[in-house]
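Trainee: I'm new to this one and keep tripping over the terms. Can we go through what each label rests on?

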Number of protein chains: 2
Amino acid sequence: MAENEFHGTPLHGETKGLGELPTACSRQQIGTLGWNILREDVSLPAAVLRSPCIEHNLQWMQQFMQRYGVALAPHGKTTMSPSLFHMQLAHGAWGITLATAPQVNAAYQHGIRRFLLANQLVGKANMAIISRLQQDPDFSFCCIVDSASNIDALGRHFSQAGQTLRILLEYGVAGGRTGLRDSVQESAALQAIARWPQALKLIGIEIYEGVLQQEADIRQFLRHVVERTRHHAAQGLFHEEKVILSGAGSAWYDVVADEFSGLDLGQPLLVLLRPGCYLTHDVGIYQHAEQRIHANNPVAREMGRSLQPALQLWAYVQSLPESGRAIIGLGKRDAAFDAGLPQPALHFRPGQSATPHRTPADWQLTAMMDQHAFMQIPPDADLQVGDMLAFDISHPCLTFDKWRYLLLVDDALNVNGAVETLF
Amino acid sequence: MAENEFHGTPLHGETKGLGELPTACSRQQIGTLGWNILREDVSLPAAVLRSPCIEHNLQWMQQFMQRYGVALAPHGKTTMSPSLFHMQLAHGAWGITLATAPQVNAAYQHGIRRFLLANQLVGKANMAIISRLQQDPDFSFCCIVDSASNIDALGRHFSQAGQTLRILLEYGVAGGRTGLRDSVQESAALQAIARWPQALKLIGIEIYEGVLQQEADIRQFLRHVVERTRHHAAQGLFHEEKVILSGAGSAWYDVVADEFSGLDLGQPLLVLLRPGCYLTHDVGIYQHAEQRIHANNPVAREMGRSLQPALQLWAYVQSLPESGRAIIGLGKRDAAFDAGLPQPALHFRPGQSATPHRTPADWQLTAMMDQHAFMQIPPDADLQVGDMLAFDISHPCLTFDKWRYLLLVDDALNVNGAVETLF
């Protein structure tokens, strides 16, 4: 099902960050309404995605994956936006990674068909969601397992449903998150899988390296997993011809590509990498990660121009109550704040500025409340109530989930579309 | 417009925390589907509101306000749930306080008609939202102002619209958020208001005391504001017969009630207090505030039984990867984490437990990622993958905005309804 089959989706207009809507407006019509952020057609605060940056990032990651001969299954939990998922698929993504069964259902309802659930599938209602979707032969799905008890629960459920569930065995590290820690757990898991030959089909191996902090530790972990993958392949434990080997969050995908690409298992191998934040990037944690990648990774270096921060939040100066302090109409309801506060990027005075200017480096947010941000400014800062500011952000995931719609804008801040989120 | 006019609202089922939905199910039908959390009819994680606690809290706050002879304009930004707003109005609330023009619009579209915007109204599109709503003679609205430049911008806009905007003058404190700091700002603001006699109507005074930490400072600030209110009343500056005096977040409403009730201004006075978190309460910052209130406030003490935590999150144990550590399917996507992590409250083993048990005190969350929580447990904890846990939370606002629907449950965890959110 293609994205354009959804052109009639009715817009849920009882939310923020939109302009005045004609009656029964669909999301797809927003790009035709002639809104411009700088003309104040849109209620602020608003979240915008800069289309040229999104396009650049899509192409950059597609090329990066191609050069390594690996496939991209971007983690969709970042944006939970089927419109963006379709863009990722149009730029070569194999399918979409998600974290929960309801996320898979939401994406399926908007035309996505191939999924990796990078999580254990736990609980009756969650298993039932996947069983229902598996009634569609076009629905392609696999999830991860890391314990015999979960494997047995899945075996029981999918046996009763008369279905087969495709699973990846997850390895983890001591002190980390999920995943098998040792050979005792590994044996128990493999024995459990063997108890359900009809209901469960082991098709590969999955890891998440992002709980580790040091490259050397990550490489050691990845090599251990490659060794286990080879071992299981040699034992004939994988029950599809092509084995899946999957890893990589948004910070270490280069290292995972480097370790996982070009392996010879003696049978076809599909390496699936799962960065999600590359699409919008940021100026915080992921920019930091990108600097390391560009310093160290030869492919990234050769490709030149890096990922671009595409997600910005526009907000008004609400109040200038005392010297050195501006109160901004942007809060924890609008932006991630767990990995650095939003950073002032552009300043625009409606009706007076011709174009936005870069904000001076000494305009900085110092704190946020639910609906307000506190910005420290020099006593002589040229700032007025009603001025508009654009903020770059750190941690796109926790910014996306604050918005039901984000506007697509061009370089002149014309709104040429909108994407929905389904959190 | 009453809540029951919306019984046909189509449910947006592409989200989390729901059970299997019949075709074209409305939100109002959810209570008839026979779901029970403990029977695993609902996909976890899920957010539930315990109806008996909600009912208790509604009655408690209604009584508290009645005893002080003040009115309640609960801050709706907490829940952004018109269904809950209607419950608050049914329990005596004067109207709903909100933080932004789009929030007012969302609530208006769901039948709410009387609003206090506890914020400056800034920007062309935001003013246009209010102008559009003011075309309905049943729409009652006022907002706050704290600067001459915002007052002039409002004057220009509402003059051109041929409308009158009702405004409250906001006072603030040095080092605080918005609000007039000194007499120079106050004079400038009053002069600006006087420039727009048709477009702007000063009807009262507003403050937010929650930026202060100490009761003595708060009382001093409140007394200063009362003094200014008396002064302006004596000058005849208020242009409706009944003067509004509004303050109070969810932590200090008792002190504000104590200072603001029973004043004699020589003209009718409507004291509007704006706590929002009382409705669901929590086991963190607001429980802490409530302990102070019950220790110090004679009315609260006399009323006995305090506010009850009504909002819980149910989630599964996803993985038990190593001794002492459980990984829970609950993350920053599901719960506030800025004022303390969620606290384990109940443990239930589907198919085995008869009823949920209180979790031992040594089961504690230590960290959260986007979709996972890390729970520290003793090595011998009786916990299995697939077990269900209920978590109490701290900071309801930032938990509500993670959910599009929250389920209303009775004491046996039967789902008897659902409320929507409109963030």
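Mentor: Sure, let's start with a pair of strands: strand β6 (residues 165–171) of chain A and β7(A) pair in the parallel sense over seven bridges. This is a predicted model, where local features need pLDDT of at least 70, side-chain atom pairs count only at pLDDT 80 or more, and totals for chains, interfaces and linings use all residues. Residues are numbered from 1 along each chain as its sequence is written, chains are lettered from A and ligands numbered from 1 in the order in which they are written, and side-chain values use heavy atoms, with hydrogens and water left out.

Trainee: What makes β6(A) and β7(A) a pair?

Mentor: Two strands pair if DSSP finds at least two bridges between them, and here there are seven bridges, so they count as paired. One of the bridges joins Ile167(A) to Leu202(A) in β7(A). Strands themselves are DSSP runs (E, at least two residues), helices are runs of H or I with at least four, and both are numbered from the N terminus.

Trainee: Why is β7(A) called mostly covered?

Mentor: Strand β7 spans residues 200–207 of chain A, and seven of its eight residues are buried. Buried means under 20% relative accessible area, exposed over 50%, and partly exposed in between (1.4 Å probe, protein chains only).

Trainee: And how do you know that Ile193(A) is buried?

Mentor: Its relative accessibility is 9%, which is under the limit, so Ile193(A) counts as buried. Ile193(A) sits in helix α6 of chain A. Leaving out residues up to four places away in sequence, Ile193(A) touches Ile151(A), Ile167(A), Leu169(A) and Leu202(A); contact means heavy atoms within 4.5 Å.

Trainee: Which residues does Leu190(A) contact?

Mentor: Leu190(A) lies in helix α6 (residues 183–194) of chain A. Not counting neighbours within four places in sequence, Leu190(A) is in contact with Leu169(A), Leu202(A), His232(A) and Leu237(A).

Trainee: What makes helix α3 of chain A mostly covered?

Mentor: The helix runs over residues 101–109, and eight of its nine residues are buried. Among what covers them are α2 (82–90), β4 (114–120) and α4 (124–134) of chain A. After α3(A) comes Gly111(A), with a positive phi near 95°.

Trainee: Over in chain B, why do β2 and β3 count as edges?

Mentor: Eight strands form an open sheet there, in the order β2-β9-β8-β7-β6-β5-β4-β3, with parallel pairing. β2 (71–72) and β3 (96–98) of chain B each have a single partner strand, so one side of each is left without a neighbour in the sheet. β3(B) pairs with strand β4 (residues 114–117) of chain B over three bridges, in the parallel sense, and Thr97(B) has Leu116(B) as its bridge partner in β4(B).

Trainee: What makes α8(B) oblique to α9(B)?

Mentor: Helix α8 (residues 253–260) and helix α9 (residues 285–296) of chain B pack at an angle of about 40°, with axes 9 Å apart. Angles under 35 degrees count as roughly parallel, over 145 as roughly antiparallel, 65 to 115 as roughly perpendicular and the rest as oblique, so α8(B) is oblique to α9(B). Axes are lines fitted to C-alpha atoms, for helices over the stretch in contact, and angles run from 0 to 180 degrees between N-to-C directions. The contact is made by Tyr253(B), Asp254(B) and Val255(B) of α8(B) and Glu290(B), Arg292(B) and Ile293(B) of α9(B).
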